[in-house]
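Q: Please take a close look at one part of the backbone in this structure and describe it together with its surroundings. I should like one connected account, with the cut-offs of the terms that are used.

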Amino acid sequence: MVVPPSTIHNYFNLIGIDETTARSEPPYISGPSALNGNRTFGGLLVSQAVNSFTTLFPGHVPHTINYKFVTTEGDVYSTSKGIHIAVQTRAPLHFKVHHFEDAKIASVLAYQNGKLVGIGHIRSTNEAQLLDNSYCKCIDYEPPDQYPKLGEVALTRPSPLREFFLVKYDYFEELSKYPLDVRFIESPLYTTSKVDKTAAWLKIRNDFRDDVKSSDGLSVALFMSDFIILRVVLEIYQKSNFIMQGSSLHHSVWIHDTNPDPLGWYLIVSECEIISHGRARISMRLFNELRKCVLTVIQEAYFQPTAKSKSKL
């Protein structure tokens with residue numbers, strides 16, 4: 001269960017402890033699929049890992065990020081619906097940054113309660129040398145105001161899909177607790193394309209605008225980079241009548257724009273390229289309002305069944 005934040009100021013503001021360590025303060029928001037509400041959202045972990053690097057090395061421009069979600073014995077909790085990685089939402093995170101080649105290559109180790117919970121590798125330059133985004137073609141979707149708000153999404157779906165979302169599925173209610181305005185476009189259970197994909201417009205909600213600085217654009221984009229990224233796989237499974245639980249394992253990001261608007265609309269488009277033996281490879285791109293690609297993301301995730309659905313979708 002997601003606990004809605006009262007502020008997100010702590011999400012994008014890290015404190016430098018010394019020359020190699022930065023700290024962030026809880027509470028953190030949990031992932032939308034966290035069964036007990038105490039598993040920190042992966043996008044926030046990635047965002048803060050990169051933010052710790054730019055806080056300690058402000059003259060560097062990151063262009064490539066590889067982040068691994070790590071757990072050790074004692075950090076995993078089990079429920080009747082499976083085993084889940086738990087980076088707690090109410091304990092501070094410390095980020096230890098090791099670097100060489102004048103910080104053009106760095107590793108970021110995330111710790112919570114003295115235990116390693118994440119490993120990031122960051123490549124950067126002193127001046128912006130970003131991956132060309134001209135090959136990243138944006139689908140010609142309508143602008144965000146043409147799509148329903150979260151509270152209206154289920155009502156726009158045809159029956160029996162509408163009943164499935166309203167009666168058996170609290171996913172949209174969980175997403176409404178995030179500090180994001182979300183406008184769903186399509187997903188495998190409600191597709192407008194020949195290829196299964198999830199697409200949605202996102203932006204920071206108006207009631208959190210004052211918590212975000214003009215320099216927070218990259219942190220906000222990285223926060224969004226993990227949002228509903230597993231949805232495309234979960235719904236592909238649902239089309240085959242299986243209900244699954246997913247966990248992110250490895251999150252890679254290529255940055256095309258290091259100064260995006262922190263308060264603007266962003267279009268995310270996710271596709272699943274491979275599903276095999278409970279593992280999936282998901283590709284996602286995040287575009288700004290001008291349809292220019294800001295981030296390219298590849299994620300590996302693990303899925304396991306929680307139930308066999310009897311729904312007739």
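A: Asn-113 lies in the loop between strand 7 and strand 8 (115-125). The model is a predicted one, in which local features need pLDDT of at least 70, side-chain atom pairs count only at pLDDT 80 or more, and totals for chains, interfaces and linings use all residues. Residues are numbered from 1 along each chain as its sequence is written, and side-chain values use heavy atoms, with hydrogens and water left out. Helices (H or I, at least four residues) and strands (E, at least two) are DSSP runs, numbered from the N terminus.

Although Asn-113 is not a glycine, its phi is positive, at about 55°. Most residues other than glycine have a negative phi, and most peptide bonds are trans. Asn-113 counts as exposed because its relative accessibility is 55%; exposed means over 50% relative accessible area, buried under 20%, and partly exposed in between, with a 1.4 Å probe and protein chains only.

Strand 7, which leads to this loop, covers residues 105-112 and runs antiparallel to strand 6, with eight bridges joining the two. Strands count as paired if DSSP finds at least two bridges between them. Within this pairing, Gln-112 of strand 7 stands opposite Leu-93. The two strands form a hairpin with four residues between them. In that turn, Glu-101 likewise has a positive phi, of about 55°.

Strand 6 (residues 93-100) is also joined to strand 2 (residues 21-24), here by four bridges, and this pair is antiparallel too. Phe-95 of strand 6 stands opposite Ala-22. In a regular strand the side chains alternate between the two faces of the sheet. Beyond strand 2, the loop that runs between it and helix 1 contains Pro-27. The peptide bond from Pro-26 to Pro-27 is cis, with omega near 5°.

A comparison with Asn-113 is offered by Ile-228, another residue other than glycine with a positive phi, near 50°. Ile-228 is found in the loop between helix 5 and helix 6. Whereas Asn-113 is exposed, Ile-228 is buried, because its relative accessible area is 3%.

Helix 6 (residues 231-239) is mostly covered, with seven of its nine residues buried. Among these are the nonpolar residues Val-232, Val-233 and Leu-234, but Arg-231 and Glu-235 are buried as well; for this grouping, Ala, Val, Leu, Ile, Met, Phe, Trp, Tyr, Cys and Pro count as nonpolar, Asp, Glu, Lys and Arg as charged, and the others, Gly among them, as polar. Tyr-237 and Gln-238 complete the list of buried residues in helix 6. Asn-241 follows helix 6 and has a positive phi, near 75°.

These parts belong to a chain with six helices and 14 strands. Of its 313 residues, 55% count as buried. Among contacts (heavy atoms within 4.5 Å) with a separation of 6 or more, 70% are between residues 24 or more positions apart.
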